[in-house]
Amino acid sequence: QDVHHQWWTSSRHSIPPSERGHRTDTILLIAWQFVPFAASLKAGGDRTWVLGWPVWPWWSVAAVMMWLAAFVQAMVLVIDLIALFHRTDDPLPHDDTTSAA
């Protein structure tokens with residue numbers, strides 16, 4: 001648990017909030033394009049070459065996953081912005097910077 005927490009906090013704070021905002025935009029744009037693409041595959045009746053399975057259900061699942069990723073990334077951005085504007089000088093309770101001798 002401690003190792004996971006150290007990795008999470010170090011990886012989150014190594015990316016500036018502005019970059020996280022660009023990631024949210026990028027994921028949203030990709031997710032936005034997956035929906036009409038999956039719809040066009042359904043309308044066109046595209047199928048896999050070997051088994052003849054319809055392709056659109058797989059792209060629909062990919063679109064749902066991209067929308068989920070966009071939602072999660074937006075929540076991370078909101079949480080980071082809230083933390084940015086509500087900073088305190090008190091260390092977090094899980095801060096390991098103080099060593100017990």
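Here are a few worked exercises on this predicted model.

**Exercise 1. Work out the fold of the protein chain, and find which element has the lowest mean pLDDT and which the highest.**

Start with the element count: the protein chain has 3 helices and 0 strands. Reading along the sequence then gives the pattern α-α-α.

Now bring in confidence. Averaged over the protein chain, pLDDT is 79, and 64% of the residues score at least 70. Split by element, the lowest mean, 52, belongs to helix H1 (residues 2-13), while H3 has the highest, 91.

**Exercise 2. Find the residues of the largest nonpolar core and say which helices each supply at least two of them.**

List the members to begin with: Ile 27, Ala 31, Phe 34, Ala 63, Met 66 and Ala 70, 6 residues in all. Next, look at where they come from: helix H2 (17-44) and H3 each bring at least two residues to this core.

Then zoom in on one member. Ile 27 sits in helix H2. Skip its neighbours within four places in sequence, and you find Ile 27 in contact with Met 66, Ala 69, Ala 70 and Gln 73. For a C-alpha check, take Ile 27 and Ala 74: they're 47 residues apart in sequence but 9.5 Å apart in space.

**Exercise 3. Is Gln 33 buried, partly exposed or exposed?**

First, place the residue: Gln 33 is in helix H2. Next, get its relative accessible area, which is 48%. Buried would need under 20% and exposed over 50%, so at 48% Gln 33 counts as partly exposed.

One more step, for its spatial setting: Gln 33 and Ala 63 are separated by 30 residues in sequence, with 8.4 Å from C-alpha to C-alpha.

**Exercise 4. Describe the surface of the protein chain, including the residues that make a nonpolar patch of about 920 Å².**

Begin with the total. The accessible surface comes to about 8,200 Å², and 69% of that belongs to carbon and sulfur atoms.

Now pick out the patch of about 920 Å²: Val 61, Val 64, Met 65, Leu 68, Phe 71, Val 72, Met 75, Val 78, Ile 79 and Ile 82 make it up. To locate one of these, Met 65 is in helix H3 (residues 56-85).

**Exercise 5. What percentage of the residues is buried, and what percentage of the contacts between residues at least 6 apart join residues at least 24 apart?**

Take burial first: of the 101 residues in the protein chain, 16% are buried. Then turn to contacts. Keep those between residues at least 6 apart in sequence, and 63% of them join residues at least 24 apart.

Methods. Residues numbered from 1 in each chain as written. Predicted model: local features only at pLDDT ≥ 70, side-chain atom pairs only at ≥ 80, totals over all residues. Heavy atoms only, no water. Patch = residues over 30% accessible without salt bridge, like charges linked within 9 Å, V, L, I, M, F, W, Y side chains within 5 Å. Areas by Shrake-Rupley, 256 points an atom, 1.4 Å probe, with all protein chains shown as cover. Salt bridge = Lys/Arg side-chain N within 4 Å of Asp/Glu carboxyl O. Helix = DSSP H or I, 4+ residues; strand = E, 2+ residues; numbered from the N terminus. Buried < 20%, exposed > 50% of the residue type's maximum accessible area, 1.4 Å probe, protein only. Contact = heavy atoms within 4.5 Å. Core = buried A, V, L, I, M, F, W, Y, C linked by side-chain atoms within 4.5 Å. pLDDT = per-residue confidence, 0-100.
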